[in-house]
Amino acid sequence: MDVRVFKNAEEIGKAAAEIYAELLVKKPNAVLGLATGATPVPTYKNLIKMYEDGSISFKDVVTFNLDEYCGIDKNDKNSYYTFMHENLFSHVDIKEENINFLDGNAADYEAESRRYAEAIKAAGGIDLQLLGVGTNGHIAFNEPADEFTDEAFRVTLTQSTIDSNQKYFGDIPMPRYAMTMGIGSIMRSKKILLIATGEKKADAIKKMISGEVTPRVPCSILNNHADTIIMLDEAAAGLIK
Ligand code: GLP
């Protein structure tokens, strides 16, 4: 793991966008794995700036998002589909048909998981997967568990995730279930970039950096990935020596 510490979230946003830009210049039809949450917003802002100044284009890019809530419409203001359009897709030249999401309302979750796995394979695999991390160490919505998962599945969100994410829903109770890429699907990405900011992430980061790989701390699996960059601000890196 290549761990890099930055002053603040803005600096991470710039550096993470640079990694994306380098890939897009080399491979304009790259397959990008994208994440939601507050952490990647500065990265997306910088990517939009780079698109606006003509240094990158998304015209041939294909994207796969990590997860989506169950039980809300994809056009709901709180869906991850809407989040990605508001924070990135509507501002760049990506083609709608190249945007891929898990369907949180699929009638058959196992068939939906197979569909997603096949779509990723048909696209040639994910070149660069962006990850945030939950306060409990979750990646995508892979919550602490007894075993690592493989392909996408429907997950029951933990109370810790509900406590962390309820703020985005205001007074509306947030969904209790989501469809998420599994750990196996994330680990098959050619390159992974995990970003974490703020002291609430410091404990999960400390456990990940300790090197012990355990499904109780899902992000710890990244120790087994050959090409992972971790970008932290000083607060998220606060508990590492
Ligand atoms: C959600 C997402 C994760 C994300 C996490 C952290 O749970 N499913 O992919 O990493 O939130 O979010 P934030 O960046 O808002 O702290």
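Reader: Which helix gives the largest share of the lining of the largest cavity?
Author: That's α1, with three residues. Keep in mind that this is a predicted model.

Reader: Which helices supply at least two residues each there?
Author: Two helices do: α1, spanning 9-26, and α2, spanning 41-52.

Reader: And which residues line that largest cavity?
Author: A9, I12, G13, T39, P42, T43, I195 and T197. By class, four of the lining residues are nonpolar and four are polar, with no charged ones.

Reader: How much space is in there?
Author: About 30 Å³.

Reader: How many cavities of 30 Å³ or more does the structure hold?
Author: Just one.

Reader: OK, switching to the ligand. Where does it sit?
Author: In the largest pocket. That pocket has a volume of about 690 Å³, and of the 33 residues lining it, T36, G37, A38, N165 and Y168 are the closest to its centre.

Reader: Which elements each supply at least two residues of that pocket's lining?
Author: There's a strand, β4 (67-69), plus the helices α3 (80-87) and α5 (159-165).

Reader: How does the pocket lining divide into nonpolar, polar and charged?
Author: You get 13 nonpolar, 14 polar and six charged residues.

Reader: Back to the ligand itself. Which residues come nearest to it?
Author: There are 14 residues around the ligand, and A38, T39, D67, Y168 and K201 come nearest. T39 also turns up in the lining of the largest cavity, while A38 and Y168 are among the residues closest to the centre of the largest pocket.

Reader: What's the make-up of that shell by class?
Author: Six nonpolar, six polar and two charged.

Reader: D67 caught my eye. What does its side chain do with the ligand?
Author: An N or O atom in the D67 side chain is 2.7 Å from a nitrogen atom of the ligand.

Reader: And what about the side chain of H138?
Author: There, an N or O atom is 2.9 Å from an oxygen atom of the ligand.

Reader: Which residue puts a polar backbone atom 3.3 Å from a ligand nitrogen?
Author: A140 does.

Reader: How much of the ligand does the protein bury?
Author: The protein buries 94% of the 390 Å² that the ligand exposes when taken alone.

Notes. Residues numbered from 1 in each chain as written. Predicted model: local features only at pLDDT ≥ 70, side-chain atom pairs only at ≥ 80, totals over all residues. Heavy atoms only, no water. Near = heavy atom within 4 Å. Polar contact = N/O pair within 3.5 Å; in protein donor to acceptor, adjacent residues only side chain to side chain. Areas by Shrake-Rupley, 256 points an atom, 1.4 Å probe, with all protein chains shown as cover. 1 Å grid on protein atoms, 1.4 Å probe; cavity = no way out; pocket = protein on both sides within 12 Å on 5 of 7 lines; lining within 4 Å. Sits in = over half its atoms within 2 Å of the grid points. Nonpolar A, V, L, I, M, F, W, Y, C, P; charged D, E, K, R; others polar. Points joined across faces, edges and corners; volume = space filled by probe spheres on them. Helix = DSSP H or I, 4+ residues; strand = E, 2+ residues; numbered from the N terminus.
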